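Please look through the structure below at your own pace before reading on. The paragraphs after it take up its parts one after another.

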Amino acid sequence: MTEMSNTHVRLVRLALIVGLIAIWEFYARFISTSSLIAGPSDVAMAWWPKVMGEPRVRTAVGITLIELAVAFAMSVVFGMLIGILIGLTNIGRRSMYPIVLLLYGIPQAIILPLFVLVFGLGPASKIAFGFSHGIFPVIVNTIAGMRNVSPHLLAGSAAMGASRAQQVRYVIFPHMVTTVFAGLRLAMTLTLLGVILAEIFVSQGGIGFFTLLYSETFNPAALMALVLTLALMAIALNELVRLVEARFSRWKD
Amino acid sequence: MAMPREPVLIRSIQFGLVAILFGTWWFVTQSSQKLMLLLPRPELVWREMQLLWSSGRLWAAATITVTEIVKAYVIAVVAGILVGFLVTRSKNLVRIFEPMLAGMFAIPLTLFFPLFVVFFGIGPDSKIAYAATYSFFPIALNTIAGFSSVDELYLRAVRSMGASSIQQFRHVYLPGALPVTLTGLRIGFFICIASVLGGETLAAAAGVGKSIALSAELMETARLYAWIAFVVLASVVLNLLALAAETRSERE
């Protein structure tokens, strides 16, 4: 089969998405008799003014974004700090890295109720839970990134009289960037996962409050409008981190 | 990479750390009464663990949760490998679908959990559907990556030697795609466990996640810690098993 051009691929993808939406609309309108199925047009109508036109919903989305930002910033700072401390020495890495990996492997949802008991019903428990999700990929990828540096480059720079600080700035840091940013992208997804898990578990006026409200009042169109808005935000944030990543690894090509 | 035996020093650091952790836990709970509500004494947690074990409540909850995990995982594996394999039948299909699947997987699908509850109810079905959907993506994506990584040269070689399409599949495609696909199956498995437990914690009638959420609601913290301890133990064992299996297959 012949290779399609990039534009062609994009057109087909677009057609596919449009087709799926059309099938969904057709199904919701003419086939389904269930009141739980809302078609795309219902969702679009609910989106404004009922969902995003409502100031309380916009505040809730804003709160969630702030929780995400704080949790993500904390994950990056503490994750890199812990990662560097562990990765700095051979003994540290070999003794601590397996423990970090085992902790990373625990399904964290099970400690969510404990977080709510400790940090309360407000934003603090969401931030803490997002942080506990986001910090692990940062630690793991920082440690992995520090190992990526070729010992030849370190020896070479030392031979030319580079100080330890200069080595960190000009050799170790640029090499860590690609791996660390892969970790940051994962951390962004996981932090958002943690924040949303905590929001849905219990919420006072956050997005979790509204997903519960729309679920319990059986308003699938409004529920989908809110959920899809947040999903689009997640995609946008992911793209943002990817762009920053591309900017910092430009030196590679 | 074969795992070398770690020297005694590394092991003693690791065990020392765990010992310090438990020692601190024991020490702070002995002196402070205030803390007891959020951090119960280790011996109380141990007693609760024995109670959950012997009363059969652990097994009742675990049976429900494990059944959900198995059902969700089977659905995800079948659908993921099927979709992944079909997509790799043509390079154009890979270029169309791979970015879409990867983009979907970057969204925390927990967002959609309330929809699953609305459609499938509070029972096991919503957890199965949610976990199956979540773990479908890494399995499909890695199957695509696995089958795309099969070297064209080998295919041309066996074709020129007259291999049938079944023989091509059996002797070139399968062994070539297997390592990456297996990675997807492992990632999918752990995502499946986390999703079922997460879903149960958020909204369920029964199961381990529900029991955890319930003990927290009733402020039975010793029982809450006991449940958490069981899940942590199970997860550590599963992770070590996965690691051992991987180390072994890499050595081969």
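What follows moves from the domains of one chain to the contact between two chains, and then to a pair of helices.

The model shown here is a predicted one, and a convenient place to begin is chain A, where the domain assignment gives domain 1, covering residues 1-33, and domain 2, covering residues 39-252. Taken over C-alpha atoms, the centres of domain 1 of chain A and domain 2 of chain A are separated by 32 Å.

Turning to the place where the two chains meet, the contact draws 42 residues from chain A and 42 residues from chain B. Several helices of chain A each supply at least two residues of the side that touches chain B, among them H1 (6-31), H4 (90-104), H8 (164-201) and H10 (220-248). The largest share of that side of chain A, 9 residues, comes from H10(A). Sorted by class, the residues of the side of chain A that touches chain B comprise 33 nonpolar, 6 polar and 3 charged.

The last step looks within chain B at a pair of helices. Two packed helices are described by the angle between their axes and the distance between the axes. For helix H6 (residues 124-148) of chain B and helix H8 (residues 165-202) of chain B, the axes come within 7 Å and cross at roughly 160°. Angles over 145 degrees count as roughly antiparallel, and H6(B) and H8(B) are therefore roughly antiparallel to each other. Their crossing, that of H6(B) and H8(B), is right-handed, and the contact of H6(B) with H8(B) has 17 nonpolar, 11 polar and 2 charged residues.

Methods:
Residues numbered from 1 in each chain as written. Chains lettered and ligands numbered in written order. Predicted model: local features only at pLDDT ≥ 70, side-chain atom pairs only at ≥ 80, totals over all residues. Axes fitted to C-alpha atoms, helices over the stretch in contact; angles between N-to-C directions. Helix = DSSP H or I, 4+ residues; strand = E, 2+ residues; numbered from the N terminus. Parallel < 35°, antiparallel > 145°, perpendicular 65-115°, else oblique. Left-handed = near helix turned anticlockwise from the far one by under 90°. Nonpolar A, V, L, I, M, F, W, Y, C, P; charged D, E, K, R; others polar. Contact = placed C-beta atoms within 7 Å. Domains from an automatic or database assignment.
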